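Please look through the sequence and the model below, and then follow the paragraphs that come after them. They begin with an enclosed space and move outward from there.

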Amino acid sequence: MNEIIGYQPLVDEIKDLINKKQYQVLKLMNTETINLYWEICEEIYRQQQKKGWGKSIVQVLSNELQKEFPGAKGYSAANLWRMRNFYLTYYDSVKLAPLVREISWSNNIIIMEKCKDDLQREFYIQMVKRYGWTKRILSNFIEGQTYEKYLLNQTNFELTLPEERRIQAKLAVKDEYTFDFAELSPEYSEHELEMQLINHVREFLIEMGGDFAFIGNQYHLLVGSRDLYIDLLLFHRRLCSLVAIELKIGEFEAEYAGKMQLYLTALDEQTKLPDENPSIGIIICKSKDKTFVEYALKRTNAPIGVATYQLSASLPDNMKELLPTPEEIIKKLKIFEE
């Protein structure tokens with residue numbers, strides 16, 4: 001081992017070069033695969049329009065391609081039909097047509113088939129690009145209505161967090177959480193709700209978003225002669241931040257934000273490690289008035305999000321009505337292009 005000590009910088013440099021080139025090759029291969037699929041489905045569609053062929057051409061073409069290229073994957077009738085639909089979904093979108101070439105075919109299929117409009121598709125394409133989501137993670141986020149909850153969620157992160165942490169932090173806070181695993185009495189207390197989340201900690205962390213780790217409940221802090229207890233303390237791995245959670249079984253009140261700011265100050269002074277980022281707070285209430293929350297957070301200096309919870313898996317019927325206008329959504333999505 002001693003003989004390579006003098007050569008270590010060169011060895012490390014060559015390793016980095018190989019890793020970078022391998023990544024570039026994979027990225028290029030993916031782009032070329034998408035380009036090939038695009039051209040195939042463009043030609044299928046053109047011939048169908050020109051000669052009036054129906055679905056049968058896809059099966060015939062699949063049979064012939066699999067004979068000609070027996071070891072190649074992706075030429076099943078089902079996948080050829082997906083290629084055609086893929087082309088039809090994006091061919092007239094100046095913005096999305098180049099973007100789809102930057103993520104994998106499997107992720108493209110999930111987004112194309114599970115998202116209902118171009119704005120929603122753009123959101124998930126940008127997220128896959130930025131954070132390298134796998135198929136499983138992408139599917140989980142779509143099924144969890146991350147797009148809708150991202151657009152609706154209420155935080156003051158634009159005012160309190162640096163730009164490089166802002167987007168990931170907003171993704172870490174949903175507008176509403178579903179605790180359908182909790183077994184609560186008809187007139188449950190905050191303590192009972194907390195205990196149910198602790199007793200089902202795995203389900204709770206999954207609902208929170210997957211990047212959280214559990215640290216403790218009723219986390220004790222001593223400020224002067226006063227004892228403080230945070231309902232739940234988590235750690236967010238991507239943000240590298242402690243996350244304090246306060247549970248309220250009633251409507252959001254402005255004083256909750258002031259109390260959370262005190263918690264976060266104490267956490268940063270007493271608990272946060274030197275290499276960790278400043279702590280974040282999430283107040284989870286049974287209900288909230290969005291305008292009231294906006295006012296309460298506006299002058300708060302600590303990064304805080306306010307969410308609600310429900311005890312059944314069904315989404316509110318009025319969620320669609322609460323979504324921003326297309327123009328407002330486009331404005332929000334522009335941050336992913338920066």
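In this predicted model, the second largest cavity holds about 30 Å³ of space. Its lining is made up of E246, K248, Y256, K259, M260, Y263 and I283, and the largest share of that lining, four residues, is supplied by helix α13, which covers residues 254–270. Sorted by class, the lining residues of this second largest cavity fall into four nonpolar and three charged, with no polar residue among them.

How many cavities of 30 Å³ or more does the structure hold? There are two cavities that reach this size, and the largest cavity contains about 40 Å³ of space. Around the largest cavity stand T146, K149, Y150, K170, L171, V173 and K174, a set that divides into three nonpolar, one polar and three charged residues. Two helices, α8 (146–152) and α10, each supply at least two residues of this lining, and α8 gives the most, with three residues. The general idea behind such a search is that rolling a probe the size of a water molecule over the atoms shows where empty space is left.

One of the lining residues of the largest cavity, K149, deserves a closer look. K149 has its place in helix α8, and because its relative accessibility is 5%, under the cut-off of 20%, K149 counts as buried. The C-alpha atom of K149 is separated by 8.3 Å from the C-alpha atom of V173, although these two residues are 24 positions apart along the chain. V173, like K149, belongs to the lining of the largest cavity.

The other helix named for this lining, α10, spans residues 163–172, and it is largely enclosed by the rest of the structure because seven of its ten residues are buried. Those buried residues are R165, I167, Q168, A169, K170, L171 and A172, and two of them, K170 and L171, also appear in the lining of the largest cavity.

Seen as a whole, the chain has 16 helices and seven strands, and 45% of its 338 residues count as buried. Among the contacts in the chain with a separation of 6 or more, 64% are accounted for by residues 24 or more positions apart. Toward the outside, the chain exposes about 18800 Å², of which carbon and sulfur atoms supply 53%.

From the overall view, the next step leads to pairs of charged side chains. Side chains of opposite charge can pair when their charged atoms come close. The structure holds 14 salt bridges, and one of them joins the side chains of E64 and K67, with an N to O distance of 3.4 Å. E64 and K67 are separated by about one helical turn, because they lie three residues apart in helix α2, which covers residues 56–68. An α-helix has 3.6 residues a turn, so residues three or four places apart point the same way. Where the solvent cover of this pair is concerned, E64 counts as partly exposed at 43% relative accessibility, whereas K67 counts as exposed at 60%.

A second salt bridge brings together the side chains of E122 and K95, at 3.0 Å from N to O. This pair links distant parts of the chain, since E122 sits in helix α6 (residues 118–131) and K95 in the loop between α3 (77–90) and α4 (96–99), 27 residues apart. Is E122 buried or exposed? With a relative accessibility of 5%, E122 counts as buried, while K95, at 36%, counts as partly exposed.

Another salt bridge is formed by R238 and D211, whose closest N and O atoms are 2.9 Å apart. Here too the pair links distant parts of the chain, 27 residues apart, with R238 in the loop between β4 (226–236) and β5 (241–247) and D211 in the loop between α12 (201–208) and β3 (212–223). R238 is partly exposed, with a relative accessible area of 41%, and D211, at 14% relative accessibility, counts as buried. Elsewhere, D175, K288 and K290 are joined into one network by salt bridges that share partners.

Methods. Residues numbered from 1 in each chain as written. Predicted model: local features only at pLDDT ≥ 70, side-chain atom pairs only at ≥ 80, totals over all residues. Heavy atoms only, no water. Buried < 20%, exposed > 50% of the residue type's maximum accessible area, 1.4 Å probe, protein only. Contact = heavy atoms within 4.5 Å. Areas by Shrake-Rupley, 256 points an atom, 1.4 Å probe, with all protein chains shown as cover. 1 Å grid on protein atoms, 1.4 Å probe; cavity = no way out; pocket = protein on both sides within 12 Å on 5 of 7 lines; lining within 4 Å. Points joined across faces, edges and corners; volume = space filled by probe spheres on them. Nonpolar A, V, L, I, M, F, W, Y, C, P; charged D, E, K, R; others polar. Salt bridge = Lys/Arg side-chain N within 4 Å of Asp/Glu carboxyl O.
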